[in-house]
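Q: Could you take me through one part of this model, up close? I'd like to follow a helix residue out to its contacts and then into the core around it.

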Amino acid sequence: MNFDALDYPYSSRRTAVYARRGMVATSQPLAAAAGLQVLQQGGNAIDAAVATAAALTVVEPTSNGIGSDSFAIVWHKGQLHGLNGSGVAPAAISLEELARRGYHEMPKFGWMPVTVPGTPAAWADLIERFGNLTLRQVLDPAITLARDGHPVSPTAAKYWALAAKRFASTLEGPAFEHWFKIFTFDGRAPKPGETFRSAEHARTLELIGQSGAKAFYQGELAEEIERFARETGGLLTKADLAAHRSDWVNPVSIQYRGYDVWELPPNGQGIVALMALNILKGYDFSTMDVRERTHLQLEAMKLAFADGKRHIADPRHAEIPLDMLLSDEHAAKQRARIGETALLPDPGAPVLGGTVYLATADGEGNMVSYIQSNYMGFGSGVVVPNTGIALQNRGHNFSMDPAHKNVLAPGKRPYHTIIPGFLTKDGAAVGPFGVMGGFMQPQGHVQVMMNTLDFSMNPQAALDAPRWQWMQDNQVSIEETYGADVIEDLRRRGHEVDVAEDVGGFGRGQIIWRTEAGTLVGGTEPRTDGSIAAW
């Protein structure tokens, strides 16, 4: 048969999925199956989340890897917990060191934007605190997928090909050689349905599982990372890795339409979504048509991003006025700035990124909202020999302005784009939600929450609905399915609207809600290879 796995000339419909004993929702079917397998072996939602996350490093390396950072919101035995699994800049980096190397802005690729990967430690910490199984048991499905191979899914193949083309024209030198050796077939990306396997990846996951991630930060893998950095111009050391710790944090929230919407505090950008929702809750959208409400959503989003750009940084290095930013008083002041035409609040230009998001739930009531990312697709382009570890480029989000809260500094976490979300009502869990995609993420959170709470959409419909994305200045990207009348109205109001042909930039989301009947209902992203595994 001769067909194109990326060509879908006819619209397709997914329905919400219901289950009772467990559910895993993510962007790749084999990863969702890995999580379900762990649930059925006696694991809980936390075990399933880590199993799915590890599998995603194998089956969707276009957006994440073992060298990623991650964040999680966990509902466990009636309590909400937050995990910040992001790493810091190396001890040897500084503005002066970058200037000495000829950099006047943070580079996208190579060693300079590489920060300490936090994901392996996050996996170990989640399992140690909440899991029913061992880390080695939980990583077993991912190890099998890496060693035996898996057929590449269509969306992953698309972004793999784009990365191979971009890297072939931009990456040169020994630091990048192993990306091409590990992730291409003689220089080309795998096609949909072709089998990709990585024995190096499998071996690394085994070492992480057997050691509770200590091999990555203190042992054999840490030595491999330090050696390769030393040989190819990197600054990351075994001491940097050994000093890494995940942080357990308290999620932050605002009330919206009688529900509590939860995000993690900075250094992530979750508060941008909360600030935008706080502004928007002052409007009655039941009396508005889609044209007016889309304008208001965009204006609130720009104002929230302006605050985020100004204040979000590592809270251990900068004072962040969180109470003020999330207050109703601040929201009212921002709302008063919104008029009939597009406002230019000068928030700066966001950057697109690559990320995976997953949600899990079990029959015991536990739920997890989890996100993991290398940042720009495969990240820095640096892959450590003999390990399959693709290192992230999260440091690209540091500012080079010495006066900025988010300025680059050794031992500091950068502004982070990846944000898990969670919804509760009257102190009880409703469930996890998230939309991956760089600076699209808080915008996706706002739209999914409004679809759910303002417009009473089921979780699948909330994800199916057409999306907009503020880009920079007054530039807006919008999906064609919004309709010509909405697009023309936005242009009349001063928005510079681009109608996107490729929907890949509008994020990829997942939702699981617990119903009043005690069952689970989920939706998965139609813009990718998303799947729900249910039990």
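A: Here is a walk from one helix residue into the nonpolar core, with the whole chain as the backdrop.

A bit of housekeeping: this is a predicted model, so local features need pLDDT of at least 70 and side-chain atom pairs count only at pLDDT 80 or more, while totals for chains, interfaces and linings use all residues. Residues are numbered from 1 along each chain as its sequence is written, and side-chain values use heavy atoms, with hydrogens and water left out.

Start with Ala-124, which sits in helix H4 (residues 119-130); helices here are DSSP runs of H or I with at least four residues, strands are runs of E with at least two, and both are numbered from the N terminus. Ala-124 has a relative accessible area of 12%, so it counts as buried (under 20%; exposed is over 50%, partly exposed in between, with a 1.4 Å probe and protein chains only).

What does Ala-124 touch, not counting residues up to four places away in sequence? Its contacts (heavy atoms within 4.5 Å) are Leu-135, Gly-212 and Ala-213. Ala-213 is 89 residues away from Ala-124 in sequence, yet their C-alpha atoms are 6.2 Å apart.

Ala-213 also leads us to Ile-208, which touches it along with Ile-66, Pro-120, Trp-123, Leu-135, Leu-139, Phe-216 and Leu-221, again not counting residues up to four places away. Leu-135 is thus on the contact list of Ala-124 and on that of Ile-208.

Ile-208 is in the largest nonpolar core (buried Ala, Val, Leu, Ile, Met, Phe, Trp, Tyr and Cys residues joined through side-chain atoms within 4.5 Å). That core has 89 residues, and Ile-208 is among those touching the most other members, with Trp-111, Trp-123, Leu-126, Phe-183 and Phe-216. Helix H2 (residues 45-59) gives it the largest share, eleven residues. A second, separate core holds 57 residues, including Leu-274, Phe-433, Val-476 and Ile-487.

In the loop between H2 and strand S3 (69-76) you'll find Thr-62. Thr-62 is at 6% relative accessibility, so it is buried too. Beyond its neighbours within four places, Thr-62 contacts Ala-156, Tyr-159, Trp-160, Gly-377 and Phe-378.

Now zoom out. Of the chain's 535 residues, 63% count as buried. Among contacts between residues at least 6 apart in sequence, 74% join residues at least 24 apart. In all, the chain has 18 helices and 21 strands.
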